[in-house]
Each structure stands twice: as structure tokens, then as C-alpha cells.
Amino acid sequence: MNKAVFLDRDGTIIKDRGHINDIKDIVFYDFTFDCLKELQKNFLLFIITNQPGVAKGIIEVASLNRIHSYILHKMGDHGIDIKEIYCCTHKKEDNCICRKPNTFFIDTAKEKFSIDVKNSYVIGDHLSDIELAIRINANGIFVLTGHGQEHFHELNQQQRQKIKICSNLKTATKTILKSINNGT
Ligand SMILES: [Mg+2]
Ligand SMILES: [Zn+2]
């Protein structure tokens, strides 16, 4: 069985610039590549992102594909292997099966890559990322980059107890590496 880290995209590995429609608006945090290089020594890496801008007509599918090719290409340049970018292009009102916190994409990855979900991580800057982590019984890490600071108050006491809260992906990575070194 493989362990995985399921990464949110906007506000977690790249800066949150609203609905991104152009690769020029993709700005990686300066720690992103180093963190992912460390994490991939022990984990398969996935990106799971909600992009409702597509359903709303703000983001073109062609742009979205270009953006994701660009992200994979940049990752590749740094020797990082992202197994899949899973993207929900629906809006909330569509009640689709794939929008986070729905577990569809993780269920899919679990089958295809035989993931040990319980020892895997979900990292993101929204309540939906944390709800997803809790639903699948994985380790959740809420980061304060992107919308994290702004949405922190939405996490209830129970959620806060179940997850870890980190200032960014860099401290999240340290937290993960520490826990695997402690054998927990
Ligand atoms: Mg986000
Ligand atoms: Zn969806």
C-alpha cells in the first residue's frame, strides 16, 4: 500500500489569485518545490482542486488544461512526480459527486494507486479540505496561506482537534516528516 499526500492547489501550492485563467497568474510559493521533493520520498503526490469558475463560465476548459499542463511541467522540471491532478469543474449547486469535500477523487486514487488512506494526508486552506480529510479518516492539515487565515474561524472545535493547523506548506511538510520519523 502507498501513502499519499492530497494537495489543494490554490492557496496551498500556488498563490490564490481567484479564478486563474492564464498561466501568467500561476505563482508557486517559494517553498513549494522543496516541500514536494521531500514529501515524494515517502508519499505519492496528488492535487485535488475545485474550480467552479469553469461551470460559471469564468474559466475556459482549454485554459484550465493549459494551466494544469504547466503545473505538471514545472513540477517535472524540479523532479517532482504529481500522479494526477483531480479537478472538479462544477459549481456547488450542481451537487456533483467530485467537488470537495466529496470523496470521489480520493476513492478513485485509492483504487488505482492502492492508497493507504489512513496514513495519508490532505492539505488545504479551506474547510472543504478538512471535511474531506475527516470523511476519509486521513490526516488533515489546514494551512493559513491562501484563504486559510480568513476561513480559519469556520473550523469548529471538533475539527480543530482532529487536524493540524500549519502556517503554510513548509511547516505542514515539517509536521508530516516529524510524524513519520516518530513512527506515528
Ligand atoms: Mg485552496
Ligand atoms: Zn464536481
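1. A good place to start is N95, which is found in the loop between β3 and α3. Please keep in mind throughout that this is a predicted model. N95 has a positive phi of about 50° although it is not a glycine, and with a relative accessible area of 68% N95 counts as exposed, because exposed here means over 50%.

2. The loop between β3 (82-88) and α3 (104-113) also holds P101. The peptide bond that joins K100 to P101 is cis, with omega at about 15°, and a reader who is checking the backbone may wish to look at this bond alongside N95, whose phi is positive.

3. A further backbone point concerns S114, whose place is in the loop between α3 and β4. S114 is not a glycine, yet its phi is positive, at about 40°. The relative accessible area of S114 is 35%, so this residue is described as partly exposed.

4. Turning to the metals, the zinc ion (ligand 2) has four protein donors, namely C88 through SG, H90 through ND1, C96 through SG and C98 through SG, and these lie 2.0 to 2.3 Å from the ion. Along the chain, the donors follow the spacing C-x1-H-x5-C-x1-C. Why is the arrangement around the zinc ion (ligand 2) called tetrahedral? The angles subtended by the four donor atoms run from 100 to 119°, and the arrangement therefore counts as tetrahedral, since all angles must lie between 85 and 135 degrees. For comparison, the ideal angle for four tetrahedral donors is 109.5 degrees.

5. Two of these zinc donors can be described by their accessibility. H90 has a relative accessible area of 30% and is partly exposed, whereas C98, with a relative accessible area of 7%, is buried. The labels follow from the cut-off, because buried means under 20% relative accessible area.

6. Q51 is found in the loop between β2 (44-50) and α2 (61-77). Is Q51 buried or exposed? Its relative accessibility is 3%, so Q51 counts as buried. When residues up to four places away in sequence are not counted, Q51 touches R9, D10, I59, L64, C87, C88, T89 and H90; C88 and H90 also appear among the protein donors of the zinc ion (ligand 2). In addition, the side chain of Q51 makes a polar contact of 2.7 Å with the side chain of T49.

7. The magnesium ion (ligand 1) is coordinated at 2.1 to 2.2 Å by D8 (OD), D10 (O) and D125 (OD), and these donors follow the spacing D-x1-D-x114-D along the chain. D10 lies in the loop between β1 (4-7) and α1 (32-39), while D125 lies in the loop between β4 (121-124) and α4 (127-136), so the pair ties together parts that are 115 residues apart in sequence. Both D10 and D125 are buried.

8. The magnesium donor D8 deserves a paragraph of its own. D8 is found in the loop between β1 and α1, and because its relative accessibility is 6%, D8 counts as buried. Which side chains make polar contacts with the side chain of D8? The side chain of T12 does so at 2.9 Å, and a polar contact of 3.0 Å joins the side chains of D8 and K100. Not counting residues up to four places away in sequence, D8 touches I13, I48, K100, I123, G124, D125 and D129. One of these contacts, I123, is 115 residues from D8 along the chain, and the C-alpha atoms of the two are separated by 6.1 Å.

9. T32 lies in helix α1. The relative accessible area of T32 is 0%, so this residue is buried. Leaving aside neighbours within four places in sequence, T32 is in contact with I13, M75 and L169.

10. Finally, the largest pocket holds about 500 Å³ of space. Its lining is made up of 22 residues, of which N50, P52, R99, H126 and H147 lie nearest the centre of the pocket. The elements that give two or more residues to this lining are β2 and α4, and α4 provides the largest share, with four residues.

Note on methods. Residues numbered from 1 in each chain as written. Chains lettered and ligands numbered in written order. Predicted model: local features only at pLDDT ≥ 70, side-chain atom pairs only at ≥ 80, totals over all residues. Heavy atoms only, no water. Donors = N, O, S within 2.8 Å, 3.2 Å for Na, K, Ca; no water. Tetrahedral: all angles 85-135°; square planar, octahedral: opposite > 155°, others 65-115°. Buried < 20%, exposed > 50% of the residue type's maximum accessible area, 1.4 Å probe, protein only. Polar contact = N/O pair within 3.5 Å; in protein donor to acceptor, adjacent residues only side chain to side chain. Contact = heavy atoms within 4.5 Å. 1 Å grid on protein atoms, 1.4 Å probe; cavity = no way out; pocket = protein on both sides within 12 Å on 5 of 7 lines; lining within 4 Å. Points joined across faces, edges and corners; volume = space filled by probe spheres on them.
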